[in-house]
Amino acid sequence: MSVRVCDKVAGMGAVICEQGVAFRVWAPNADSVSLIGDFNDWSPEASPMEVEENGYWSVMIEGAKAGDEYKFYITNGEKTFERIDPYSREVTNSVGNSIIHDPSFDWGEDNFQMANHNELVIYEMHIGTYHRVNPDAPGDFFDAIEKFNHLKKLGINAIEIMPVAEFAGDWSWGYNPAHIFAIEQAYGGPPALKRFIKRAHEEGFAVIMDVVYNHFGPSDLDLWQFDGWSENDKGGIYFYNDWKSTTPWGDTRPDYGRSEVRQFIYDNANMWVEEYHVDGLRYDMTAYIRKVNGIDASDIPEGWTLMQWINQDLAAKFPGILLVAEDLQGDSWLTRQAEEGGAGFSTQWDAHFVHPIRNVIQQPEDAHRDMGMISEALNYKYNNDAFQRVIYSESHDEVANGKARVAEEVSPGAADNYFAQKLSVLAASMALTAPGIPMLLQGQAFVEDRWFDDQDPLDWDRAKRFKGIVRLFGDLISLRRNLNNVSRGLTGQHINVHHVNNVDKVVAFHRWNEGGRGDDVIVLLNFKNEAKENYQIGFPSEGLWRVRLNSDWSGYSEDFDDHPIHDVSTIPDNRDGYPVSGEVSIGPYSIIVLSQDLEAGK
């Protein structure tokens, strides 16, 4: 058990001390606050709390212990409230009681170091649906661990977990946090999350935690009018009580201008890294932290400065931490340093990639596929840094709310067919070969169908049925991470989309880090339902270019064409801005990746 010597009540919430348990809560409008719980027969008179400066209340309870349940009993005039501790690390459920939590955990030799940002391949996971063992309950952290072998096979090195802060009920996407410091009990609570992260680190996976600070709740929200005070019948001390409260999820935007609320959110962000050893945070929809309406001039300056404060401090204390913004407004200031006036994020989800890629892939007719749109999506950068964007063709948002998996969009009701397989792979392959931090959504590697639903688990039988596609994703990720030392350019900043043919629907691009053998990579994409034979494109240097991946190979799928392809010997011929050219063959709706051996002639 973790025990501190407490000369006085220290910290917020419940802190286990040598002489008992110390409690502190912020309730500035309360007339009185007392502690009720297992240790005093839930008597409001037994454990009155002492008022401190600035509306804080505290008490030390000698008889309390880890595992005891408790609440704060608040009086405001003639009104009384029983409230869950806002800082509670564990609750019985979203409308239940706080639990005195013992934070001790045997992390062993956990000195995990996340890969450099340019080497990451992220896998977005929803704990409740990733691997469900009990059909009547959501999956939990232990269930998810059982399928880590799938991620190892793919070559994933970072897992991004959709929110696991305690939410209403047992079934949810997680974006309705009722208690941001507590861990969802249906998933196994705090000990199970720690075990999940420890095991992930042992397997070589970084863990990125999705956090929601643009709103709280809106249901099962004990923070609402927490101490009985509010204005305009709004949320009280934790929320804006004017027009700034309005969000798409109710009048539940936290008051970023109130120091105690800022500290509350700051402490939560730090908790994930300090207590749970996560390697990064992904902030949900930051547009609604920095603007009331998310898209117009309704700026919230204090929301911006809160993100700056958290990100700047986390980056200083935990060098290499990955701080991800989901903003989707194309604002480069999000990923500029806080000292320069930016929000201090490492990277951001990029709408300039996912939307045009899906638009082109989901066109019903080849003639309507716009290669210029592909070129723009591949080239986009923030602040001249390719890795300031996370690129993907599927995320939880992009495959729900009226949208579906790419395979389902391509062939509704027939997501297993040739076109669904081919085009969904083509979309994902761009994310894995373009500059940026690539991300896959759970199930994407075995052509999961339909759309994301928090009660619809992944169909793991598909991983067997589409084992060839799983292998294809693994081969792409191996190239993306340069695991065989023949594709270093895919980890680099640079891209030249040197061949754009909107008639034949072909795009080719050159990727490189420093350039040269084993570094330069050529990627060729065919967006048309016809093979290309002896198709000529430019290459950056002479010699033999070997095919490292051909997505049309029948070993990936029996449905594929297995169009004959070959290594390429270049000839002196200025083409596409390069001094040499070569003839390439490629199958329908396919990608080919080529590079040179480290030494000529091998």
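In this predicted model, V521 stands opposite S595 in β27. The two belong to a pairing in which strand β21 (residues 521-526) and strand β27 (residues 590-595) run antiparallel and are joined by 6 bridges. Both strands are part of an open sheet of 6 strands, which follows the order β19-β20-β21-β27-β23-β24 with antiparallel pairing. At the edges of this sheet stand β19 (494-501) and β24 (568-569); each has a single partner strand, so one side of each is left without a neighbour in the sheet.

Two helices pack on this sheet. Helix α11 (residues 418-433) lies across β20 (506-512), β21 and β27, and its direction makes an angle of about 35° with β27. Helix α13 (residues 467-480), in turn, lies across β23 (544-550) and β27, running at about 140° to β23. Strand β27 is thus a handy reference point here, as it is crossed by α11 and also by α13.

Another antiparallel pairing involves strand β3 (residues 32-37), which is joined to strand β6 (residues 69-76) by 6 bridges. Within this pair, S32 stands opposite T75 in β6. How enclosed is β3 by the rest of the structure? It is largely enclosed, because 5 of its 6 residues are buried.

Turning to helix packing, the axes of helix α5 (residues 259-274) and helix α7 (residues 301-317) come within 10 Å of each other and cross at roughly 30°. Because angles under 35 degrees count as roughly parallel, this makes α5 roughly parallel to α7. The crossing of the two helices is right-handed. On the α5 side, the contact is made by R262, Q263, I265, Y266, A269, N270, V273 and E274; these meet E302, T305, L306, W309, I310, D313, L314 and K317 in α7. By character, the residues of this contact divide into 8 nonpolar, 3 polar and 5 charged.

Finally, a tryptophan in a loop deserves a look. W171 is placed in the loop between β11 (165-167) and β12 (177-183). Is this side chain's residue, W171, buried or partly exposed? With a relative accessible area of 28%, W171 is partly exposed, because buried would require a value under 20%. Leaving aside residues up to four places away in sequence, W171 touches R132, D136, A137, P138, D454 and Q455. By contrast, G257 lies 86 residues from W171 along the chain, and the C-alpha atoms of the two are separated by 32 Å.

Definitions and conventions
Residues are numbered from 1 along each chain as its sequence is written. This is a predicted model: local features need pLDDT of at least 70, side-chain atom pairs count only at pLDDT 80 or more; totals for chains, interfaces and linings use all residues. Side-chain values use heavy atoms; hydrogens and water are left out. Axes are lines fitted to C-alpha atoms, for helices over the stretch in contact, and angles run from 0 to 180 degrees between N-to-C directions. Helices (H or I, at least four residues) and strands (E, at least two) are DSSP runs, numbered from the N terminus. Angles under 35 degrees count as roughly parallel, over 145 as roughly antiparallel, 65 to 115 as roughly perpendicular and the rest as oblique. A crossing is left-handed if the near helix is turned anticlockwise from the far one by less than a right angle, and right-handed if clockwise. Contact means heavy atoms within 4.5 Å. Ala, Val, Leu, Ile, Met, Phe, Trp, Tyr, Cys and Pro count as nonpolar, Asp, Glu, Lys and Arg as charged, and the others, Gly among them, as polar. Buried means under 20% relative accessible area, exposed over 50%, partly exposed in between (1.4 Å probe, protein chains only). Two strands pair if DSSP finds at least two bridges between them.
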